[in-house]
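Visitor: I have a model open and would like to talk through its architecture. Could we begin with the core?

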Amino acid sequence: MNSAFYNLPDDTIRLALDDKPDEETLTKLREARFRWWPGRRLNVASWSTAAEDLAILLTDQEGLEVYEEEDDPEDRSERYQGY
């Protein structure tokens with residue numbers, strides 16, 4: 001199931017699609033300024049009404065869930081020590 005949320009700390013919309021988008025959808029994603037993040041397997045765009053409307057349309061959600069947690073550098077360094 002496609003999903004999307006608004007990431008408050010960096011003012012972005014993150015969109016996860018189950019399948020590779022067709023050409024028409026790719027065009028709409030580019031027009032809304034979404035970029036592909038291969039490491040996270042997400043389409044990400046700075047918040048705009050166009051990006052939010054497209055994310056809601058593609059996910060069939062009523063609105064976007066807001067993710068509000070700030071990034072914790074100490075927690076991140078602990079997670080990456082094993083690499």
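Guide: The largest nonpolar core has 14 residues, and Ile13, Leu15, Leu29, Phe34, Ala51, Ala55 and Leu64 touch the most other members. A nonpolar core here is a set of buried Ala, Val, Leu, Ile, Met, Phe, Trp, Tyr and Cys residues joined through side-chain atoms within 4.5 Å. Buried means under 20% relative accessible area, exposed over 50%, and partly exposed in between, with a 1.4 Å probe and protein chains only.

Visitor: Which elements each supply at least two residues of this core?

Guide: They are strand 1 (3-7), strand 2 (12-16), helix 1 (23-31) and helix 2 (49-59). The largest share, 3 residues, comes from helix 2. Helices (H or I, at least four residues) and strands (E, at least two) are DSSP runs, numbered from the N terminus.

Visitor: Is there a general background to such a core?

Guide: In soluble globular proteins, nonpolar side chains tend to be buried together.

Visitor: What kind of model is this, and how were the values obtained?

Guide: This is a predicted model, in which local features need pLDDT of at least 70 and side-chain atom pairs count only at pLDDT 80 or more, whereas totals for chains, interfaces and linings use all residues. Residues are numbered from 1 along each chain as its sequence is written, and side-chain values use heavy atoms, with hydrogens and water left out.

Visitor: Back to the core, then. What does leucine 64 touch?

Guide: Leaving aside residues up to four places away in sequence, leucine 64 touches Ala4, Phe5, Tyr6, Ile13, Glu52, Ala55 and Ile56. A contact means heavy atoms within 4.5 Å.

Visitor: And the overall fold: in what order do the elements run?

Guide: The chain has 3 helices and 5 strands, and from the N terminus on they run β-β-α-β-β-α-β-α. Among contacts between residues at least 6 apart in sequence, 55% join residues at least 24 apart.

Visitor: How do strand 1 and strand 2 run, and how many bridges join them?

Guide: Strand 1 and strand 2 run antiparallel and are joined by 5 bridges; two strands pair if DSSP finds at least two bridges between them. Alanine 4 stands opposite leucine 15 in strand 2. The two strands form a hairpin with 4 residues between them, and aspartate 11 in the turn has a positive phi of about 55°.

Visitor: What about strand 4?

Guide: Strand 4 is joined to strand 2 by 4 bridges, in antiparallel fashion, and it pairs with strand 3 in the antiparallel sense over 3 bridges. Asparagine 43 in strand 4 is the bridge partner of leucine 15 and also of tryptophan 36.

Visitor: Why is strand 4 described as largely enclosed?

Guide: Because 4 of its 5 residues are buried, strand 4 is largely enclosed by the rest of the structure. For strand 2, 4 of the 5 residues are buried, so strand 2 is largely enclosed as well.

Visitor: Where does arginine 40 lie, and is it buried or exposed?

Guide: Arginine 40 lies in the loop between strand 3 (35-37) and strand 4 (42-46) and is exposed, with a relative accessible area of 54%. Its C-alpha atom is separated by 9.0 Å from that of alanine 16, 24 residues apart along the chain. In the hairpin of strand 3 and strand 4, arginine 41 takes a positive phi near 55°.

Visitor: Last topic: how many charged side chains are there?

Guide: There are 10 positive and 21 negative side chains, and the centres of the two sets lie 9 Å apart. Lys and Arg count as positive and Asp and Glu as negative, while His and the chain ends are not counted; each charge is placed at NZ of Lys, CZ of Arg, CG of Asp or CD of Glu.
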